[in-house]
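Trainee: Please give me a close look at one part of this model. I want to know what it touches and how far to trust it.

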Amino acid sequence: MRHLPALPNGGDQPVSRTFLRLTGLHATGAVVRQVRERLVSWVRQTGLDEDQVADVGLAAHEAMANVIDHAYEQPGGVFDLYAFTDEDTVTVTVTDRGNWKRTPQGRPTLRGRGLLIIRQLTRQFELTAHAHGTIVRMTWRTRSRPPLRRA
């Protein structure tokens, strides 16, 4: 296991081939960019091909951007990113501690495609909103292993 330098404003995390944990990260564009770079670097070690690595990076970026845009009424919110790999999957979870704020009705926007993008890029996607935050869980199957057979 090796330790990477901490991100500014949080992120004391052990990093290994099977596990990445970044916690207490400030929900800002600069931090999201750094976390995406770190995640992509980690994902390259997991058995996903380069197209899948790009999918993970973009989907995680969209989930983190949603924290900035929707989780907190005021700036200063935080989020955690947890990623792990097992025998044939890579899972990334983005968790915030806010309350989902909705875009005001009737206001035109070019935004609002993040969850659709995440759904299209992942094998499995779950969004769980509760009183203490939102959890976005995204899963990819490694292509280096044969698909599971269904009975």
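Mentor: The focus is helix 2, with its surroundings first and confidence last.

The model is predicted, so note the rules: local features need pLDDT (the predictor's confidence in each residue, from 0 to 100) of at least 70, side-chain atom pairs count only at pLDDT 80 or more, and totals for chains, interfaces and linings use all residues. Residues are numbered from 1 along each chain as its sequence is written, and side-chain values use heavy atoms, without hydrogens or water.

Start with the sheet. It is open and has five strands in the order 1-2-3-5-4, with antiparallel pairing. Helices (H or I, at least four residues) and strands (E, at least two) are DSSP runs, numbered from the N terminus. Pairing takes at least two DSSP bridges between two strands. Strand 1 (19-26) and strand 4 (124-130) are the edges. Each has a single partner strand, so one side of each lacks a neighbour in the sheet. From one strand to the next, the twist averages 10°.

Take the edge at strand 1. Strand 1 runs antiparallel to strand 2 (residues 78-85), and six bridges join the two. Look for His26, which stands opposite Val78 in strand 2.

Now helix 2 itself. It spans residues 50-71 and packs on the sheet. It touches strand 2, strand 3 (89-96) and strand 5 (133-141). A contact is heavy atoms within 4.5 Å. The direction of helix 2 makes about 175° with that of strand 5. Angles run from 0 to 180 degrees between N-to-C directions, and axes are lines fitted to C-alpha atoms, for helices over the stretch in contact.

Strand 5 also pairs with the edge strand 4. Seven bridges join strand 4 to strand 5, and the two run antiparallel. The link between them is a hairpin of two residues. Ala129 sits opposite Thr134 in strand 5.

Helix 2 has helix partners too. Take helix 1 (residues 29-43). The axes of helix 1 and helix 2 come within 9 Å and cross at roughly 155°. That makes helix 1 roughly antiparallel to helix 2. The cut-offs are under 35 degrees for roughly parallel, over 145 for roughly antiparallel, 65 to 115 for roughly perpendicular, and oblique for the rest. On the helix 1 side, Gly29, Val32, Val35, Arg36, Leu39, Val40 and Val43 take part. On the helix 2 side, they meet Val53, Val56, Gly57, Leu58, Ala60, His61, Met64 and Ile68.

Then helix 3 (residues 114-121). The axes of helix 2 and helix 3 come within 9 Å and cross at roughly 155°. Helix 2 is therefore roughly antiparallel to helix 3. Helix 2 brings Asp55, Leu58, Ala59, Glu62, Ala63 and Asn66. They meet Gly114, Leu115, Ile117, Ile118 and Leu121 in helix 3.

Last, trust. The protein averages a pLDDT of 82, and 74% of the residues score at least 70. Confidence is highest in helix 1, at a mean of 97, and lowest in helix 3, at 90. Two stretches need caution. Residues 1-6 have pLDDT below 50, with 16 contacts in the model beyond near neighbours in sequence. Residues 12-16 are also below 50, and have 22 such contacts.
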